[in-house]
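Trainee: I'd like a close look at one part of this model, please. Pick a single spot, start there, and work outwards so that I can follow along on screen.

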Amino acid sequence: MRAVLDHGPVARSGIARLSGLSPAAVSRQCTDLARLGLVREMPELVAAGGVGRPQIPVDLHTGDAGDTGGPLAVGVHIGVPRSTFCLTDLRGTVVARRDFRHDGIPAAALADEVGRGLAAFLAERAPAPAPAPEPTARTAAAPGSRLLGVGAAIGGWVDPATATVVRHDALGWHQHPLGAELRRHTGLPVRVDNHARAVAQSELLFGGRAARRSLLHLFVGNVVDAALAIAGVVHRGPRSGAGEVAHLPVPESTVECPCGRTGCLEATVSDTVLARRAAELGIVPEPSAPLLVDAAAAGDRRADALLRERARGVGRATGLLLDVLNPDLVVVTEQSSLLNPEYLEEIREAATAHSHVCDDPERILIPHAGPAVLLVAAATVVLNPLFRSPLQAFGNTAAMLPSG
């Protein structure tokens, strides 16, 4: 699956060479994966008039939300002012999406409302169940639906093993069984992870090759957190508590933090703080980071200056992380730099100016998915186990999906 993801369409002989498997093993695997609808042959790509037996390329079975093509993953990103739902194909391409605002909904009712909204989205946009292929001796019964399951990405401290949000202060959730709530509404298997780790995993799966050596991901939104991956594995730590950088000190920052100290990263650069400052300065009519970004794009110099100041704060913190971890790549998810490369340059300049080990600003990038980063990351929470062990993951999913 990884060889086909990276190089497809590719002939079976090419898969054997790329993966190190024997041609016989590749043939068996392709047969099983094709029966499950994960890969398909592409005979239309074979050149006419060739000599010898034709090498028929194999590719991932992708499609969109309106045909009977390949399986789809459901992604849910749960943010503070709103959530976003999506469907993606096996390559992480978003084929359908919807925003779901939930301002003012109490914490106790939020997961239920998100679950209802997700169920309504799937009822309207998800494909009709496809006929299930005949099971083989080597695989579990194939699913009666093309939906692989739900991947949920959310900030804060998340325990993927139990699909539980251990702590999300902004939403008021503590030990919240998010996975169980979403499964109750959708009837689909649900996986949950922290959004910083989910973005890191999407870079490992769909991004550049360098990410698979070592990667640091820094997420800057209403919450600020991070994820580290070494040799293609995202580090979680005991109880999946790794990535807490909200109180990392930012050089030159004197902003007071609710923790009692000054200069903490989240208190200095978060969307919440940025939006409040923008409203206090009269740049936007209400505290809203997207409105601030829009104002800057429309030419408001005060908005631009505020975003550049935030970018430099992010860059100074990135310089500290580069010195400690020295990864091959640093991926920064921050709204303004996703939309305007000038803010990424501010981050790069501040990072390299404060780092003692990094003089290469090109190591600092935005996510490969651009503005769709959080949707692709959420879907990756489901897709990553599939690519790691396709027959096992798809078989387990099949047992949990509703039949046709």
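**Around one loop and its helix**

Mentor: Let's start at Asn326, which sits in the loop between H10 and strand E14 (329-334). Keep in mind that this is a predicted model. Asn326 has a positive phi of about 45°, although it is not a glycine. Is Asn326 buried, partly exposed or exposed? Its relative accessibility is 42%, and partly exposed covers the range between 20% and 50%, so Asn326 counts as partly exposed.

Now step back from that loop into H10 itself, residues 301-325. We'll look at two helices that pack against H10, namely H8 and H12. Two packed helices are described by the angle between their axes and the distance between the axes. Let's do that for each pair.

Take H12 first, residues 341-354. The axes of H10 and H12 are 7 Å apart, and the packing angle is about 40°. What does that angle make the pair? Roughly parallel needs an angle under 35° and roughly perpendicular starts at 65°, so H10 and H12 are oblique to each other. Their crossing is right-handed. From H10, the residues in this contact are Asp304, Leu307, Arg308, Ala311, Arg312, Val314, Gly315, Arg316, Thr318, Gly319, Leu322 and Asp323. H12 answers with Glu342, Tyr343, Glu346, Ile347, Ala350, Ala351 and His354. Sort the contact of H10 with H12 by class and you get eight nonpolar, four polar and seven charged residues.

While you're on H12, click on Thr352, which lies in that helix. If you leave out residues up to four places away in sequence, Thr352 touches Cys358, Asp359, Asp360 and Pro361. You can also draw a line from Thr352 to Leu320: they are 32 residues apart along the chain, and their C-alpha atoms are separated by 9.7 Å.

Back to H10, and on to H8, residues 271-280. Here the axes come within 11 Å and cross at roughly 155°. That is over 145°, which makes H8 roughly antiparallel to H10. The crossing of H8 and H10 is right-handed. Which residues meet here? H8 brings Asp271, Leu274, Arg277 and Ala278, and H10 brings Leu306, Leu307, Glu309 and Arg310. The class count for H8 with H10 is four nonpolar, no polar and four charged. Leu307 is worth selecting on its own: it is among the H10 residues that meet H8, and it is also among those in contact with H12.

There's another positive phi to set beside the one we began with. Arg239 is not a glycine either, and its phi is about 55°. You'll find Arg239 in the loop between strand E13 (233-234) and helix H7 (265-269). With a relative accessibility of 58%, above the 50% mark, Arg239 counts as exposed.

One more helix pair makes a handy companion to H10 and H12. Helix H4 (residues 107-125) and helix H5 (residues 178-186) have axes that come within 8 Å and cross at roughly 40°. H4 and H5 are therefore oblique to each other, and their crossing is right-handed. On the H5 side the contact uses Leu178, Glu181, Leu182, Arg184, His185 and Thr186, and the H4 residues include Val114, Leu118 and Leu122. By class, H4 with H5 comes out at seven nonpolar, three polar and four charged.

Leu178 of H5 also leads you to Ala163, one of whose contacts is Leu178. Ala163 is in the loop between strand E7 (157-159) and strand E8 (164-168). Its relative accessible area is 11%, under the 20% cut-off, so Ala163 is buried.

Finally, zoom out to the whole chain. It has 14 helices and 15 strands. Of its 404 residues, 54% count as buried. The chain exposes about 17,700 Å², with carbon and sulfur atoms supplying 52% of that.

Note on methods
Residues numbered from 1 in each chain as written. Predicted model: local features only at pLDDT ≥ 70, side-chain atom pairs only at ≥ 80, totals over all residues. Heavy atoms only, no water. Axes fitted to C-alpha atoms, helices over the stretch in contact; angles between N-to-C directions. Helix = DSSP H or I, 4+ residues; strand = E, 2+ residues; numbered from the N terminus. Parallel < 35°, antiparallel > 145°, perpendicular 65-115°, else oblique. Left-handed = near helix turned anticlockwise from the far one by under 90°. Contact = heavy atoms within 4.5 Å. Nonpolar A, V, L, I, M, F, W, Y, C, P; charged D, E, K, R; others polar. Buried < 20%, exposed > 50% of the residue type's maximum accessible area, 1.4 Å probe, protein only. Areas by Shrake-Rupley, 256 points an atom, 1.4 Å probe, with all protein chains shown as cover.
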